[in-house]
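The following paragraphs lead the reader through a single protein chain, one region at a time. Please keep the sequence and the structure in view while reading.

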Amino acid sequence: MPSVAVKLYSVFFKLILKRRLKNRIQNPNLNDEMSSSFGVTSRPEETIAAANPSFTDGVATKDIHIDPSSCLSIRILLPDTCVVSPDSVADRVRTRRSELESRSFPSNSANGIPRRNSYGSPETYNAAATESNRRSSYSNGFSTDDLSMGSETCAYRGYSPFNRRCRRLPLMVQFHGGGFVAGSCDSVANDFFCRRIAKVCDVIVVAVGYRLAPENRYPAAFEDGVKVLHWIAKQANLAECGKSLGKKVDSRKSDVQGHIADAFGASLVEPWLAAHGDPSRCVLLGVSCGANVAEYVARKSVESGKLLDPVKVVAQVLMYPFFIGNAPTHSEIKLSNSYFFDKAMSILAWRLFLPEDEFDLDHPAANPLNPNRGGPPLKQMPPTLTVVAEHDWMRDRAIAYAQELKKVNVDAPVLDYKDCVHEFATLDMLLRTPEAQACAEDIAIWVKKYISFRGHEFSY
């Protein structure tokens with residue numbers, strides 16, 4: 001059974017969210033006044049984690065508003081392994097050489113720097129070490145010069161990849177949960193989860209801040225997910241154009257930092273993705289209702305085909321997806337009053353998300369196994385990992401979806417975690433369960449089969 005802390009958090013969560021959902025339904029005029037095409041991506045009561053573009057804890061983050069016609073935004077989470085590869089032979093040789101030098105030469109008790117240096121006198125070495133060559137205590141081992149521009153320019157102080165030895169990493173596009181009516185890509189809980197995924201899976205996480213309901217109902221959130229994939233493809237193509245032009249800019253002497261504009265001068269190349277992102281190894285990760293968005297985006301990517309080049313969706317991860325239907329399953333009957341999102345509250349969320357004239361629990365957005373859902377056949381879907389929890393009423397429908405994929409020879413394993421509840425891995429900042437870390441590691445093992453150049457020896 002879940003712990004007492006999980007049960008208490010669940011009670012308060014359901015009381016607060018259910019009251020907010022009922023207020024939205026009972027005051028339709030309020031929804032009409034607030035609705036606009038621009039929309040909202042977070043609620044005032046949401047606790048936001050500020051972006052930090054330096055590698056203070058191993059992951060740098062930045063927020064980007066990518067669509068001028070709406071509030072669609074993303075948060076990029078870049079692990080520090082993009083700069084120095086832990087598997088690099090040169091790095092190991094350099095580390096070994098520094099260890100030998102530290103043993104061969106005694107240290108100066110005043111500053112802890114070797115007294116001898118083969119490139120000059122001790123005074124010269126000490127003078128250089130006291131300035132920019134010293135390691136910064138807040139940059140996780142990288143020099144300050146690697147992580148920021150010169151202070152004399154009074155400009156950007158975060159990580160800049162230009163003129164650095166860069167390593168390309170796969171992209172993982174993440175869609176947060178919240179029943180389409182709450183949550184955000186920059187919330188404290190989602191930021192904590194995405195940082196863990198970025199570190200464990202060794203990927204660049206692109207967390208999507210899609211428009212929320214009821215201000216923007218279906219298909220706004222789903223269309224936002226597709227827009228992000230097209231934006232990534234556009235960024236990759238613009239970066240290739242920059243390379244073909246042979247443009248080399250010293251980022252410490254220029255404010256443009258090697259950016260180029262499109263034909264209208266309206267779009268700039270995102271430097272982190274241009275230097276480190278590999279769009280040909282793209283994974284979709286959806287959490288709760290975000291899994292519904294991920295499944296829709298995966299279908300659209302199959303339909304688009306080469307129109308998305310160079311973006312290629314190689315796999316998707318659906319974590320306790322927000323699937324539902326008119327015909328109740330065994331788990332929906334037995335666990336209808338389960339933790340966090342119970343069935344009654346989920347139906348309220350679907351009423352706020354789907355247009356009033358389209359409300360149906362068998363809607364293609366809610367039930368992916370609906371025979372009238374359209375789109376490509378299941379056999380064309382990318383490999384899919386499904387994560388379910390023992391005490392989640394949505395589990396049966398998620399397992400049924402994975403089984404249908406297996407019937408058409410799609411790699412679709414299911415990870416079932418005992419004594420866990422809905423959102424157990426993404427709310428770990430509060431719940432602190434060992435299963436959350438294990439889940440992230442299990443996802444990494446499976447995903448690396450499709451994003452690693454060397455393949456992976458593990459499988460499910």
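In this predicted model, glutamate 295 is a suitable place to begin: with a relative accessible area of 2%, glutamate 295 falls under the 20% limit and therefore counts as buried. Its side chain forms a salt bridge with arginine 299, and the closest N and O atoms of the two residues are 3.1 Å apart. Arginine 299 is likewise buried, at 8% relative accessibility. Both residues belong to helix α9, where four positions, or about one turn of the helix, lie between one and the other. An α-helix has 3.6 residues a turn, so residues three or four places apart point the same way.

A further salt bridge of helix α9 joins glutamate 303 to lysine 300, with an N to O distance of 3.3 Å. These two residues are three places apart in the helix, again about one helical turn. Here the surroundings are described by other values: glutamate 303 is partly exposed at 43% relative accessibility, and lysine 300 is partly exposed at 28%.

Which residue lies in the loop between β5 (277-287) and α9? That position belongs to serine 288, whose relative accessibility of 0% places it among the buried residues. Beyond its neighbours up to four places away in sequence, serine 288 touches Gly177, Met319, Tyr320, Pro321, Phe322, His422 and Glu423.

The loop between β6 and α10 holds phenylalanine 323. This residue is buried, having a relative accessible area of 1%. Its contacts, apart from neighbours within four places in sequence, include Asn292, Leu318, Ala366, Pro368 and Trp393. Also in contact with phenylalanine 323 are Met394, Arg397, Ala398 and Tyr401. Although phenylalanine 323 and tyrosine 401 are 78 residues apart along the chain, their C-alpha atoms are separated by 9.3 Å.

Tyrosine 401 leads to helix α12. This helix comprises 13 residues, 395-407, which at 1.5 Å a residue should span 18 Å; the C-alpha atoms at its ends are 19 Å apart, in agreement with that expectation. Its buried residues are Arg395, Arg397, Ala398, Ile399, Tyr401, Ala402 and Leu405. Among the elements that cover these residues are the helices α9 (289-304) and α10 (330-334), together with the strands β6 (313-319), β7 (384-391) and β8 (414-421). Just after α12, asparagine 409 adopts a positive phi of about 65 degrees.

The salt bridges may now be considered across the whole structure, where a search finds 19 of them. One of these joins arginine 195 to aspartate 57, with an N to O distance of 2.8 Å. The pair connects distant parts of the chain: arginine 195 lies in helix α6, whereas aspartate 57 lies in the loop between α2 (28-34) and β1 (59-65), 138 residues apart. Is each partner buried or partly exposed? Arginine 195 counts as buried because its relative accessibility is 13%, while aspartate 57, with a relative accessible area of 36%, is partly exposed. The two residues also take part in a network of salt bridges that links Asp57, Asp63, Arg75, Asp191 and Arg195.

Histidine 176 is found in the loop between β3 (169-175) and α6. At 1% relative accessible area, histidine 176 is buried. Leaving out residues up to four places away in sequence, its contacts include Ala182, Gly183, Ser184, Cys185 and Asn190. Val208, Tyr210, Leu212, Val287, Cys289 and Gly290 are also touched by histidine 176.

The last topic is a pocket. Rolling a probe the size of a water molecule over the atoms shows where empty space is left. The second largest pocket has a volume of about 920 Å³. It is lined by 36 residues, of which Phe13, Glu46, Ala182, Gly183 and Leu427 are the closest to its centre. Three elements give two or more residues to this lining, namely α1 (4-26), α6 (188-201) and α13 (428-431). The most comes from α1, which provides eight residues. By character, the lining of the second largest pocket divides into 20 nonpolar, ten polar and six charged residues. Ala182 and Gly183, named above among the residues closest to the pocket centre, are also among the contacts of histidine 176.

Conventions
Residues numbered from 1 in each chain as written. Predicted model: local features only at pLDDT ≥ 70, side-chain atom pairs only at ≥ 80, totals over all residues. Heavy atoms only, no water. 1 Å grid on protein atoms, 1.4 Å probe; cavity = no way out; pocket = protein on both sides within 12 Å on 5 of 7 lines; lining within 4 Å. Points joined across faces, edges and corners; volume = space filled by probe spheres on them. Nonpolar A, V, L, I, M, F, W, Y, C, P; charged D, E, K, R; others polar. Expected span 1.5 Å × (residues − 1). Buried < 20%, exposed > 50% of the residue type's maximum accessible area, 1.4 Å probe, protein only. Contact = heavy atoms within 4.5 Å. Salt bridge = Lys/Arg side-chain N within 4 Å of Asp/Glu carboxyl O.
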